[in-house]
Amino acid sequence: QAQLAESGGGLVQPGGSLRLSCAASGFSFGYLTLGWFRQAPGKEREGVSCIRTGGGTTNYADSVKGRFTISRDNAKNTGNLQMNSLKPEDTAVYYCAVSADPTACIATLPMKEEAYRRWGQGTQVTVSS
């Protein structure tokens, strides 16, 4: 059964770090663009970061640039989102998703959420003192 599973969420103090992981199974992860999205209470889901198949193209939302780093290991069918210097406004449910559309992740343009067709169940990240 094809699925994505996030892990690594939790409660962290402001300024702290978390590393989210996305494990893919049942499909060819290495051929797909990986994206991370988040949805805070009462807000629309937003794109956080994405990385194309070979890892040469990445994209970050302005709000996380310089603090978050996306990576992937195609041999292990996993992707990661390293989140440093976390802020209370980073609190949200974080989702990983994949897309077969190469335009789903372009370095200079906002992530194209509608192009991501397979999603994980999400993991909660709470940044609070």
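Mentor: Before we start, buried means under 20% relative accessible area, exposed means over 50%, and partly exposed lies in between, with a 1.4 Å probe and protein chains only. This is a predicted model in which local features need pLDDT of at least 70 and side-chain atom pairs count only at pLDDT 80 or more, while totals for chains, interfaces and linings use all residues. Residues are numbered from 1 along each chain as its sequence is written, and side-chain values use heavy atoms, with hydrogens and water left out.

Trainee: Why is Cys-105 called buried?

Mentor: Cys-105 has 0% relative accessibility, and because buried means under 20%, Cys-105 counts as buried.

Trainee: How do you know that Cys-50 and Cys-105 form a disulfide?

Mentor: Their sulfur atoms lie 2.1 Å apart, and a disulfide is a pair of cysteine sulfur atoms within 2.5 Å, so the pair qualifies. The link is right-handed, with 85 degrees about the S-S bond.

Trainee: What makes this pair a tie between separate parts of the sequence?

Mentor: Cys-50 lies in strand S5 (residues 46-51), whereas Cys-105 lies in the loop between S9 and strand S10 (118-119), so the disulfide ties together parts 55 residues apart in sequence; strands here are DSSP runs of E, at least two residues, numbered from the N terminus.

Trainee: What makes Cys-22 and Cys-96 a disulfide too?

Mentor: Their sulfur atoms are also 2.1 Å apart, which is within the 2.5 Å limit. The pair links strand S3 (residues 18-25) with strand S9 (residues 92-99), 74 residues apart.

Methods. Helices (H or I, at least four residues) and strands (E, at least two) are DSSP runs, numbered from the N terminus.
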